[in-house]
There are 4 protein chains.
Amino acid sequence: MYRIGIVGGTGYTGVELLRILATHPDVQLQAITSRSEQGQQVTAMFPSLRHCMDLCFTEPTIDSLRACDLVFFATPNGVAMTMVPELLQAGIKVVDLSADFRLRDAAEWSRWYGMTHACPEWLSEAVYGLPEMNADQIASARLVANPGCYPTSVQLALLPLLQNQLIELNGMIADCKSGVSGAGRQAHMGSLLAEAGDSFKAYGVSGHRHSPEINQQLSLYAGAPIRATFVPHLLPMIRGIHATVYVQLKDRNVDVQSCAESFYANHPFVDVMPKGSTPETRSVRGSNWCRLAYHVFDDGRVVILSVIDNLVKGASGQAVQNMNLMLGLPQDRGLGHVPLMP
Amino acid sequence: MYRIGIVGGTGYTGVELLRILATHPDVQLQAITSRSEQGQQVTAMFPSLRHCMDLCFTEPTIDSLRACDLVFFATPNGVAMTMVPELLQAGIKVVDLSADFRLRDAAEWSRWYGMTHACPEWLSEAVYGLPEMNADQIASARLVANPGCYPTSVQLALLPLLQNQLIELNGMIADCKSGVSGAGRQAHMGSLLAEAGDSFKAYGVSGHRHSPEINQQLSLYAGAPIRATFVPHLLPMIRGIHATVYVQLKDRNVDVQSCAESFYANHPFVDVMPKGSTPETRSVRGSNWCRLAYHVFDDGRVVILSVIDNLVKGASGQAVQNMNLMLGLPQDRGLGHVPLMP
Amino acid sequence: MYRIGIVGGTGYTGVELLRILATHPDVQLQAITSRSEQGQQVTAMFPSLRHCMDLCFTEPTIDSLRACDLVFFATPNGVAMTMVPELLQAGIKVVDLSADFRLRDAAEWSRWYGMTHACPEWLSEAVYGLPEMNADQIASARLVANPGCYPTSVQLALLPLLQNQLIELNGMIADCKSGVSGAGRQAHMGSLLAEAGDSFKAYGVSGHRHSPEINQQLSLYAGAPIRATFVPHLLPMIRGIHATVYVQLKDRNVDVQSCAESFYANHPFVDVMPKGSTPETRSVRGSNWCRLAYHVFDDGRVVILSVIDNLVKGASGQAVQNMNLMLGLPQDRGLGHVPLMP
Amino acid sequence: MYRIGIVGGTGYTGVELLRILATHPDVQLQAITSRSEQGQQVTAMFPSLRHCMDLCFTEPTIDSLRACDLVFFATPNGVAMTMVPELLQAGIKVVDLSADFRLRDAAEWSRWYGMTHACPEWLSEAVYGLPEMNADQIASARLVANPGCYPTSVQLALLPLLQNQLIELNGMIADCKSGVSGAGRQAHMGSLLAEAGDSFKAYGVSGHRHSPEINQQLSLYAGAPIRATFVPHLLPMIRGIHATVYVQLKDRNVDVQSCAESFYANHPFVDVMPKGSTPETRSVRGSNWCRLAYHVFDDGRVVILSVIDNLVKGASGQAVQNMNLMLGLPQDRGLGHVPLMP
């Protein structure tokens, strides 16, 4: 049994880690920290976990985590970077669900996140945790930067096409829609049911923090700079991301469907659906699946539909998938949740 | 044209007053105050009102309200009681949508609202603003205490039976369900879409602030002390209250339906539906209607179903109905909104 | 008072016409037909209209409509075309909310709607009822084809740019999201709350009936053939359409904001919001408004956000706006509904 | 590995059985029948199950089920009773999720379900499948009648109090609220998102089919006839039942909390929450838990709050719990789903 710690267990990615790890056969939850809730029973805050676990929140100190083999950070941006170096030096592996280690360029990071990076020298050590791209590197990593939710949905849609150099690099558009859990568990007015319910809107049109992450990764896969148009929208529901991605084939006769199916043949969590499919977010609810559908038009336009559960494949599920790889376990261990439908 | 002021225009009852008054033919909005937002355009906060009004928030001072004929308080509890006496002395009428003047007993008020009442001497001056009960008193009042949302739904269900002394006074139960807009526009975690959406729960079971108001009024109508069981629940939607009220007839042969129809025959906003009906909250959405259905069993049990829009008949619509009475206008003036369905 | 008839009053556009016409000062509802419900009180089917109207459904015959000045068709596709010629010949004006007269080309219509057009000779008589484009023609028309909901949201976004020839005609993308009321009131499994609630998906990717309508109109405005990419999606809510439209400026230095503001300066229902805005569907709920926001990037990409209530500006509200024009009334008569928020 | 069959796999209880059984360690799905869908891949209808199972729907014949150890009926009422006798005679155990074997009295059954019972002689053979009451009988049963969803939530609330004879038997009230999945997957207008979403109403006030089931069972536990008032309501969400039960203690000094905790101490799926709790339906979403909270007032009134997932503990989860008992497995085998929150 591997001993696992979670720093910052009171948000949605934290409680989702708890849900997943509670039934993982090879790990034992050792510590879960929260500065504000220390001493409180986890189940007093999250009654859904009653009788599934028996832990109290503790103070987030290095000492409280020293007995762990691996630590997850489910903290707001800016926290992990202040604790990660010491943990790594103590031989503890880290999966960071926040954005602290996602961008390669510290200056770029500072521009988007509004603070100086506390340990830019560790950015090159961090492996970007998209297992469909980086499984080997992740397996040998000490520090994994867990991808953002939107970037996961967009990258999985585009990976097969970019890796096979099938599409034009200009004019790529990702029109993305997310459930409101992506905004976190902090009380702010815009996320109230009476504000965000029964309505729909775009946000962050002029620039969203996931934009540089998407462009960094797509550029890497393409081997050329990409500046995609990315517009996020807020759905009046809790879980789920749907990305609608618009690209143009270089050669309109290429078999996109086969290309995608081959690319993902050996990946346990990406489902390339039959031609003509329109995946629903509920078809992945509570699970680590990404479902993709490729619609190709006779003039070479391609519309890609990509759905994930933003809290699972878009956050905590993918984090556990990364943990599995880092601990030498099968990457799907403990992640066999069948989607909850209806 | 009567000149109207609103103190505290940034919450849901405030913006609902704005929606209703924007098309009222006999009033002109003179001032709307907000300490936090003074100087800001109302429509910058509420884009739904763009091109419907052209006001800025101002500081909430007596001076800014002096030109008004009538002032609404759409403030948190505890604010109106500090400003109302001076307004009344200046000859300005007041409709208070908060709870400050709803209870007759200042000590009782303090117990439930956790503060000392600032002007207990004005409690006897305040008229309880349920027009179906008190229209004449309201018409001559200087200060009207607008009823709470739950108490409105429960009282309208019970009024005909209590006034006609048809039911047992013990064992009355009001199982009430409200949309989340009743919790206001303040950011707190429990009202987030990701918390209150897709779920249902009771709250305040051991004691809710609307409980003493309900008991005070029912006791008044019955001429005897009543201690009803009142359990509020939170619905995963924005607008609407549904009260399910359980009572016992003294004489099982009485014609409850006719009694209720007669009682409400001349009231413009209470609709006694045909026997066997099950009113939906959406059938009153956005309107000042209350719809009632009486189900009588052969053993004298009665189940009463009562629906209102908590922001209209449960708050701002009823407040405008009271204003109409106080200004000598027909009580339904400006309140002809047809419910929005679907 | 003009006498008005509605053919097919049991669907969502029918009941929305009833809601709007119930308070319209210049019209009187003369007849509302429904084959399946004839003889039934309208309010028995729609309790939200209780005490607002007093009509029964009648058989849909020409005779029952002969006393009308104008008749709305709120029927499934394929019905209006069988009755309209006779009504027109009887001197009765018609606004058709279905798709029967929206396409200029009868063969194209047949391909998309799967039936032969019953009166192709009347297609050229029909005026396309987008008042922001065709107000004069509508005013003198006998037969108006009320636009589809998606096409309305997309056209209003693009009209100023196309009319001023500011954008490239290739590569236009309309990523549209609609509430489920757009699917109508027929019982089919995909529209169940337990199916379409708490989920999100695209549909009709390979071809939706609103696609030829969009392309026909955009081509008309551009004076050149346009084949836009149109992908509709289903929102887990009832009312509202949000179109996110992606286009490319020819000259990146043009002032898009001013262009749009000027274009719509004299149109009563199109609100060009300030730069940087992200309109919410709820900001138009229950009203005839369309709100637009233009986001222009330094490389000439433009993202246009367009929201309407699909049942009002996307259907019945626009139909009444057309009626007003056809009857010589101000086009906003009876359409002053302030959006319902929250 | 036990071989399992499902008759009627296309409804919500059917697909929920599939979700649960897909990861059950001791069973293998042998056959799933559907008259309308025979030959079709299960995953074509339910994409959420892609890569989790590989079965096609088959014709519902006895022959197709002969190889099974146990068969679930997830069919509309009236189907199981025509097939069950033959299956039992072939030595196959049956759990019936429909209502066919829930009532002891065939005449009563006919009155409520509107048809003659096809095999009244088997009613006495059927064991009512509430494991918290009948675990031993279930373990030796050949035929188990799986309880209704509402009756499960109400019985679990009342069992400790009735078994210990703590409460008055007159005047019991169960005010119940259910998500819309309880209405099944049939297309009917009242369950459309545009009808049942964003609204709330009671239904079946004068008599619901779960009423005789509730009264039969409560009377059994009390040893005296009980006629409870039962009012079901429809929640604008998909999963979850909340029962609010009102009863009166005989002796107001009894310790209700301890009584309930003791009663359920050894039951794996009933959680008696701490005093003062208000359980949310989401705290059991997707799991087989029932959570209970007892609120006792000084005058002996008791308000009991009971939440279950109507598709799990209210249907398919409880059915698998019954299957486990019938097959000699631990009753919680394969039912360790942690609730999905948020």
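Where is the place of D:Pro342? D:Pro342 sits in the segment after α11 (312–326) of chain D. A cis peptide bond links D:Met341 to D:Pro342, with omega about 0°. Chain B has a cis bond too: B:Met341 and B:Pro342 are joined that way, again with omega about 0°, and B:Pro342 lies in the segment after α11 of chain B. Bear in mind throughout that this is a predicted model.

**Chain A as a whole**

Let's start with the overall build. Chain A carries eleven helices and 14 strands. Its C-alpha atoms fit in a box of roughly 60 × 45 × 40 Å along the principal axes. A compact globule of 342 residues would have a radius of gyration near 20 Å, and chain A comes in at 19 Å, so the two agree. Of the 342 residues in chain A, 59% are buried. Now take the contacts in chain A with a separation of 6 or more: 70% of them are between residues 24 or more positions apart.

**The seven-stranded sheet**

Chain A has an open sheet of seven strands with parallel pairing, in the order β3-β2-β1-β4-β5-β7-β6. Its edge strands are β3 (57–58) and β6 (127–128), each pairing on one side only.

Here are some of the pairings, with one facing pair of residues for each.

| Strand pair (chain A) | Bridges | Residues opposite each other |
|---|---|---|
| β1 (2–7) and β4 | four, parallel | A:Val7 and A:Phe73 |
| β4 (70–73) and β5 | four, parallel | A:Phe73 and A:Asp96 |
| β5 and β7 (143–145) | three, parallel | A:Val95 and A:Val144 |

A:Phe73 is worth finding on screen: this residue of β4(A) is the bridge partner of A:Val7 and also stands opposite A:Asp96 in β5(A). To get from β4(A) to β5(A), the chain passes through helix α4 (residues 80–89) of chain A, making a right-handed β-α-β crossover.

Which residues of strand β5 (residues 93–96) of chain A point one way, and which the other? A:Lys93 and A:Val95 go one way, A:Val94 and A:Asp96 go the other, and all are buried. That fits the usual picture, since side chains in a regular strand alternate between the two faces of the sheet.

**Two domains in chain A**

The domain assignment splits chain A into domain 1 (2–125) and domain 2 (149–310). Their C-alpha centres are 26 Å apart. Where they touch, domain 1 puts in nine residues and domain 2 puts in seven. On the domain 1 side, helix α5 (residues 106–113) has the largest share, with three residues. That side breaks down into five nonpolar, one polar and three charged residues.

**How the chains meet**

Chain C meets chain A through 34 residues from chain C and 34 residues from chain A. On the chain C side, several elements each supply at least two residues, among them β8 (173–178), α8 (193–196), β10 (229–234) and β14 (301–308). By class, the side of chain C that touches chain A has 15 nonpolar, eleven polar and eight charged residues.

Chains B and C also touch, with 27 residues from chain B and 26 residues from chain C. Helix α1 (residues 12–21) of chain B gives the most to the chain B side, with three residues. The class count for that side is 15 nonpolar, seven polar and five charged residues.

How many of the ten residues of α1(B) are buried? Ten of its ten are, which leaves the helix mostly covered. Among the buried residues are B:Tyr12, B:Glu16, B:Arg19 and B:Leu21. The cover includes α8 (193–196) of chain A, along with elements of chain B including β1 (2–7), β4 (70–73) and α11 (312–326).

**A positive phi in two chains**

One last backbone detail. A:Gln165 is not a glycine, yet has a positive phi of about 50°. A:Gln165 belongs to the loop between α7 (149–163) and β8 (173–178) of chain A. Is A:Gln165 buried or exposed? A:Gln165 counts as exposed because it has 12 C-beta neighbours inside 10 Å, and a residue is exposed at 12 or fewer.

In chain B, B:Gln165 has a positive phi near 55° and lies in the loop between α7 (149–163) and β8 (173–178) of chain B. With 12 C-beta neighbours inside 10 Å, B:Gln165 counts as exposed.

Terms used: Residues are numbered from 1 along each chain as its sequence is written. Chains are lettered from A and ligands numbered from 1 in the order in which they are written. This is a predicted model: local features need pLDDT of at least 70, side-chain atom pairs count only at pLDDT 80 or more; totals for chains, interfaces and linings use all residues. Two residues are in contact if their C-beta atoms, placed from the backbone, lie within 7 Å. Ala, Val, Leu, Ile, Met, Phe, Trp, Tyr, Cys and Pro count as nonpolar, Asp, Glu, Lys and Arg as charged, and the others, Gly among them, as polar. The radius of gyration is taken over C-alpha atoms; the globule rule is 2.2 Å times the number of residues to the power 0.38. A residue is buried if 20 or more other C-beta atoms lie within 10 Å of its own, exposed if 12 or fewer, and partly exposed in between; C-beta atoms are placed from the backbone. Two strands pair if DSSP finds at least two bridges between them. A crossover is right-handed if, with the strands pointing away from the viewer, the path from the first strand over the helix to the second runs clockwise. Domain bounds come from an automatic or database domain assignment.
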